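Welcome to this short briefing. Have a look at the structure below, and then we can walk through its salt bridges, its core and its empty spaces.

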Amino acid sequence: MSTPKLSTQETYDLDRAHVFHSWSAQGSLDPMVVTRAQGTRLWDGDDNEYLDFTGQLVFTNIGHQHPRVVEAIQEQAATLCTIGPSNANDRRSQLASMISDLLPDNLNKVFFTNGGTEANEHAVRMAREFTGRRKLLSAYRSYHGATAQSIHLTGEQRRFANDKGASEVVHFFGPFLYRSEFFAESPEQERERALAHLERTIQMESPDAFAALVLEPVIGSAGIIPPPAGYLEGVREICDRYGIVFIADEVMAGFGRTGKWFGHQHADVVPDLITFAKGVNSGYVPLGGVVISDAIAGHFDERAYPGGLTYSGHPLACAAGVETITTMKDEGIVDNARRIGEDVLGPGLAKLAETHDIVGDARGVGVFWALELVEDAETKKPATEAAATVAAAAKRNGLLVIAAGNRLHIVPPCTVSDEEISTALSILDEALGSLS
């Protein structure tokens with residue numbers, strides 16, 4: 001006999017009484033009760049329907065409740081719900097092979113974790129073990145997770161309460177022409193000055209002290225910032241020059257989000273380690289991991305890797321990952337994300353920026369976009385309250401987007417249609433217009 005389902009009110013009341021939410025002051029929370037979802041849409045407890053352009057936390061790349069992935073999880077649950085990581089199981093083996101096949105021939109091993117922050121923790125550990133060095137580099141505008149090392153790698157303000165100055169992390173400014181730290185006037189200037197700044201930072205902090213540089217190929221939570229052409233190649237050259245392991249944090253950008261399988265594939269670079277999570281199985285079951293170069297993997301052939309996880313490569317999660325990648329290939333989902341970004345969403349958001357003075361910048365790639373809201377186009381003073389106001393107005397009209405500081409993050413599933421983008425753009429247009 002199954003446990004009776006809760007009503008909307010019972011769900012809400014129990015949440016407020018017993019659930020402790022992340023990144024929030026608990027007393028003022030008013031969470032929306034979600035009862036069901038399908039594709040790009042979800043429904044609340046009052047049966048209101050919404051277009052979900054949040055990806056939840058930017059992970060429903062294949063959309064909600066894709067029937068092929070749901071069936072794969074059900075079949076796996078009926079066969080083998082769980083097994084310890086010291087054993088082999090078919091879905092774990094298959095998924096590791098499939099991920100490796102999306103990458104160059106020197107990236108052949110995968111260490112599975114429960115999510116992105118653990119992936120970054122273990123990637124850093126591998127780099128330190130491999131190099132015998134301790135210091136780490138990461139960008140100021142970045143987010144790499146909320147566990148002990150990952151929160152220190154994070155470059156934005158969420159790290160402040162956790163940062164005690166003893167993490168061995170050195171931060172640097174990455175390229176961001178709209179708010180250039182380098183007084184640049186072109187993408188080329190921004191790239192070259194950012195690379196010079198990075199190399200000078202390394203030189204001033206002792207080059208032979210650095211184990212790894214951790215970088216999002218497209219900055220995610222801190223603003224959705226694609227790098228200028230040539231920047232990632234320049235980072236790769238600098239890492240090679242100083243013997244630094246290059247870790248690409250693909251937790252948010254990976255698995256179709258940018259219109260390619262991985263964000264770094266927009267450039268001609270091969271990282272040493274790649275961290276992933278979120279889109280690998282659209283978050284249907286928690287899963288993350290590290291793709292490891294042959295050189296680093298070989299370091300542990302005759303010595304034990306000092307780390308592990310109870311649920312590493314969980315069968316339900318891996319079954320979901322296998323079917324997600326298979327379905328994305330079969331249905332052309334990654335190419336759809338590319339086309340939507342180039343032909344529909346990108347041009348549509350650029351038009352909103354032209355129409356509404358409060359939009360200072362529209363930027364992104366694939367189905368990974370942000371509108372930056374400013375009080376004044378010349379000073380670029382952030383409109384700190386406006387994003388939440390616009391997001392609330394959009395929600396009233398059936399569209400969910402992410403309000404982050406003075407930005408709106410527009411991140412629909414990679415499966416989104418032209419018609420759904422058109423509807424969302426119309427709602428955003430009205431919501432932005434309500435500010436004037």
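Does Arg-36 count as buried, exposed or partly exposed, and what is the relative accessibility behind that? Arg-36 counts as partly exposed, because its relative accessibility is 43% and the partly exposed class lies between under 20% for buried and over 50% for exposed. Please keep in mind that this is a predicted model. A search of the whole structure turns up 23 salt bridges, and the largest nonpolar core holds 65 residues.

**Salt bridges**

- Arg-36 pairs with Asp-47 in a salt bridge, with 3.1 Å between the closest N and O atoms. This pair links distant parts of the chain, 11 residues apart: Arg-36 sits in strand β1 (residues 34-38), while Asp-47 is in the loop between β2 (41-44) and β3 (49-52).
- Glu-168 and Arg-134 also meet through their side chains, at 3.0 Å from N to O. Glu-168 belongs to the loop between α6 (148-153) and β6 (169-172), and Arg-134 to the loop between α5 (116-131) and β5 (135-139), so their salt bridge ties together parts that are 34 residues apart in sequence.
- Both ends of that pair are partly exposed: Glu-168 has a relative accessible area of 35%, and Arg-134 has one of 43%.
- In a further salt bridge, the side chains of Arg-241 and Glu-199 come to 2.7 Å, N to O. Here the pair ties together parts that are 42 residues apart in sequence, because Arg-241 lies in helix α8 (residues 231-242) and Glu-199 in helix α7 (residues 187-204).
- The two partners fall into separate accessibility classes: Arg-241 counts as partly exposed at 45%, whereas Glu-199 is buried at 18%.
- There is a network to look at as well: Arg-179, Asp-361, Arg-363 and Glu-372 are joined by salt bridges that share partners.

**Nonpolar core**

- As general background, nonpolar side chains in soluble globular proteins tend to be buried together.
- Within the largest nonpolar core of 65 residues, the members that touch the most others are Ile-99, Leu-373 and Leu-408. The greatest contribution to this core comes from helix α11 (residues 333-355), which gives 8 residues.
- Leaving aside residues up to four places away in sequence, Ile-99 touches Val-110, Phe-112, Phe-255, Phe-276, Val-280, Val-291 and Ile-325.

**Second largest pocket**

- This pocket has a volume of about 480 Å³. It is lined by 22 residues, and those closest to its centre are Lys-109, Val-110, Phe-111, Phe-112 and Ile-292.
- Two or more lining residues come from each of α4 (90-101) and β4 (107-113). The element that gives the most is β4, with 4 residues.
- By class, the pocket lining divides into 12 nonpolar, 7 polar and 3 charged residues.
- Val-110 and Phe-112 appear in two parts of this picture: they are among the residues closest to the pocket centre, and they are also among the contacts of Ile-99.

**Enclosed cavity**

- The count comes to 1 cavity of 30 Å³ or more. The largest cavity contains about 130 Å³ of space.
- Its lining is made up of 16 residues, and Gly-174, Pro-175, Leu-215, Ile-219 and Ile-225 lie nearest the centre.
- The lining of the largest cavity has 13 nonpolar residues, 1 polar residue and 2 charged residues.

Terms used: Residues are numbered from 1 along each chain as its sequence is written. This is a predicted model: local features need pLDDT of at least 70, side-chain atom pairs count only at pLDDT 80 or more; totals for chains, interfaces and linings use all residues. Side-chain values use heavy atoms; hydrogens and water are left out. A nonpolar core is a set of buried Ala, Val, Leu, Ile, Met, Phe, Trp, Tyr and Cys residues joined through side-chain atoms within 4.5 Å. Buried means under 20% relative accessible area, exposed over 50%, partly exposed in between (1.4 Å probe, protein chains only). Contact means heavy atoms within 4.5 Å. On a 1 Å grid over the protein atoms alone, a cavity is a set of points where a 1.4 Å probe fits but cannot get out, and a pocket is an open set with protein on both sides within 12 Å along at least five of seven lines; lining residues have an atom within 4 Å of a point. Grid points are joined across faces, edges and corners, and a volume is the space filled by probe spheres set on the points. Ala, Val, Leu, Ile, Met, Phe, Trp, Tyr, Cys and Pro count as nonpolar, Asp, Glu, Lys and Arg as charged, and the others, Gly among them, as polar. A salt bridge is a side-chain nitrogen of Lys or Arg within 4 Å of a carboxyl oxygen of Asp or Glu.
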